[in-house]
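Hi,

Here is the structure I said I would pass on. Have a look at it first, and my notes on what turned up follow below.

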Amino acid sequence: MKYNFDEIIDRRNTESAKWKALKQLYGREDIIPMWVADMDFKSPPEIIQNLKERADHGVFGYPMIDDNYFDSFVNWVKKRHELNISKEWIITADGVVDALKIAILAFSKPGDKVVIQTPVYYPFYNIIKSNGREILRNSLKIENGNYIMDYEDLEKKLSDKRTKLFILCNPHNPVGRVWTKQELEKLSDLCVKHNVILLSDEIHSDLIYPSNKHIPIVSISQEIKEKSLTFYAPSKTFNLAGLKASYVVIPNNELRNEYKNTIESISSSSLNIFGMIAAKAAYEKGEGWLKELLIYLENNIDFVISFFNDKLPKVKITKPEGTYLMWLDFRAYGDEEKIKEMLVNKAKVGLEEGSIFGEEGKGYFRMNIGCPKSVIEKVCNNIYNAFKDL
């Protein structure tokens with residue numbers, strides 16, 4: 001490989017939430033953090049070089065976005081996802097969660113309902129509840145060990161007169177599903193039928209493993225294209241979360257204008273210069289790095305599955321179709337709190353307990369495998385030694 005994903009990089013004392021929050025979250029600092037969804041790899045050297053050159057300039061005044069910034073993203077999604085979008089459809093944002101919050105403010109009012117598919121990325125709960133909207137849970141079903149959508153329940157939730165929005169997570173965090181075209185068609189038809197705006201979080205859309213294909217929601221039909229907003233960012237793909245650069249794609253003029261008006265009403269901040277530089281470099285120069293990253297991540301995933309199948313078969317794992325997050329079913333070992341206590345104090349590993357993603361996740365734990373394989377091996381062995389006698 002051209003890029004070294006085996007390098008161990010010490011992230012302590014670098015303002016890394018992954019490390020600084022350990023005491024707060026787990027009660028101790030001497031554990032291996034495998035929780036928050038950023039990777040332990042350096043970003044592509046091409047991005048780092050561009051950032052260094054800009055830093056060396058030494059003047060960091062107000063930035064102005066030009067067409068080249070949008071072109072890099074437009075060309076990326078066309079090449080990666082066979083999706084043609086117009087630059088006029090794109091609105092910049094600090095981050096996907098903040099952008100989703102603006103959409104909730106723009107297209108619903110207090111007391112309205114928002115549908116999410118649980119277990120799901122936990123910030124969704126907060127941005128709905130903190131803005132006075134009501135959460136409707138369309139729980140995913142497990143069939144033959146795989147998560148699928150419950151369309152019968154979904155239609156009931158979407159048909160509620162107070163339901164205004166549906167948040168899709170594709171690829172799904174934490175369960176790792178990459179929704180098929182057929183699944184998205186059914187979902188889209190229901191949103192159109194019940195006049196519900198679809199907010200599609202596609203932040204993990206470039207982290208897809210072989211035999212799976214990401215299908216952008218706007219490519220499903222003209223009807224859902226006019227009823228949807230899609231949220232993208234290079235942050236997960238290229239490990240740039242701290243630089244705050246995201247994109248909202250809104251093909252419908254009326255929805256786009258309403259979204260812009262909401263931004264103006266709350267004085268939402270603009271992009272910072274380093275986020276702009278990094279995003280543009282990622283989409284123009286990062287493809288080779290990403291190709292090798294996906295191979296490395298899949299090898300990590302295969303190792304984890306093989307390890308647990310061989311040594312701790314009570315822990316059930318379905319291979320993720322996308323993302324660098326694994327969803328481990330520890331329910332055979334009993335109560336979630338007991339399992340967490342053993343993981344933290346015996347295995348000295350910090351995973352995220354499934355219940356924070358929703359009640360449906362209780363007894364599951366999310367593991368971030370975006371790190372060198374040697375770390376993965378140590379974590380797996382630590383867990384094995386903690387649980388082998390149970």
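A good place to start is the pair formed by strand 9 (residues 228-232) and strand 10 (residues 246-249): they run antiparallel and are joined by 3 bridges. If you want one bridge to click on, take Phe231, whose partner in strand 10 is Val248. Please keep in mind throughout that this is a predicted model.

Two helices lie against this part of the fold. Helix 4 (residues 67-81) packs on the sheet and touches strand 2, strand 9 and strand 10, with its direction at about 105° to that of strand 2. Helix 5 (residues 96-107) packs on the sheet too, and its contacts are with strand 2, strand 7 (163-169), strand 8 (197-201), strand 9 and strand 10. The direction of helix 5 makes about 165° with that of strand 9.

So what is the order of the strands in the open sheet? Reading across, you get 2-10-9-8-7-3-4, which is 7 strands with mixed pairing. Strand 2 (90-93) and strand 4 each have a single partner strand, so they stand at the edges, and one side of each is left without a neighbour in the sheet. From one strand to the next, the twist averages 25°.

Over at the strand 4 edge, the pairing is parallel: strand 3 (residues 113-116) and strand 4 (residues 134-137) share 4 bridges. Lys113 is a handy marker here, with Glu134 as its bridge partner in strand 4. To get from strand 3 to strand 4, the chain passes through helix 6 (residues 123-129), and this β-α-β crossover is right-handed.

Next, a helix pair. Two packed helices are described by the angle between their axes and the distance between the axes. For helix 14 (residues 336-345) and helix 15 (residues 373-387), the axes come within 9 Å and cross at roughly 120°. The two are therefore oblique to each other, and their crossing is right-handed. Which residues meet there? From helix 14 you have Ile339, Met342 and Leu343, and from helix 15 Ile383, Ala386 and Phe387. That contact is made up of 6 nonpolar residues, with no polar and no charged ones.

Then there are a few backbone details to check. Most residues other than glycine have a negative phi, and most peptide bonds are trans. Against that background, look at the loop between strand 7 and helix 8 (181-193), where Pro171 sits. A cis peptide bond joins Asn170 and Pro171, with omega at about 0°. Pro174 lies in the loop between strand 7 and helix 8 as well, and a cis peptide bond links Asn173 to Pro174, with omega at about 20°. Glu15 is not a glycine, yet it has a positive phi of about 60°; you will find Glu15 in the segment before helix 1 (17-20).

One last residue to look up is Arg28, in the loop between helix 2 (22-26) and strand 1 (32-33). Leaving aside residues up to four places away in sequence, Arg28 touches Leu22, Lys23, Val344, Asn345 and Lys348. How far is the C-alpha atom of Arg28 from that of Pro123? The two are separated by 24 Å, and the residues are 95 apart along the chain.

Happy browsing!

Methods
Residues numbered from 1 in each chain as written. Predicted model: local features only at pLDDT ≥ 70, side-chain atom pairs only at ≥ 80, totals over all residues. Heavy atoms only, no water. Pairing = 2+ DSSP bridges. Right-handed = clockwise from strand over helix to strand, strands pointing away. Axes fitted to C-alpha atoms, helices over the stretch in contact; angles between N-to-C directions. Parallel < 35°, antiparallel > 145°, perpendicular 65-115°, else oblique. Left-handed = near helix turned anticlockwise from the far one by under 90°. Contact = heavy atoms within 4.5 Å. Nonpolar A, V, L, I, M, F, W, Y, C, P; charged D, E, K, R; others polar.
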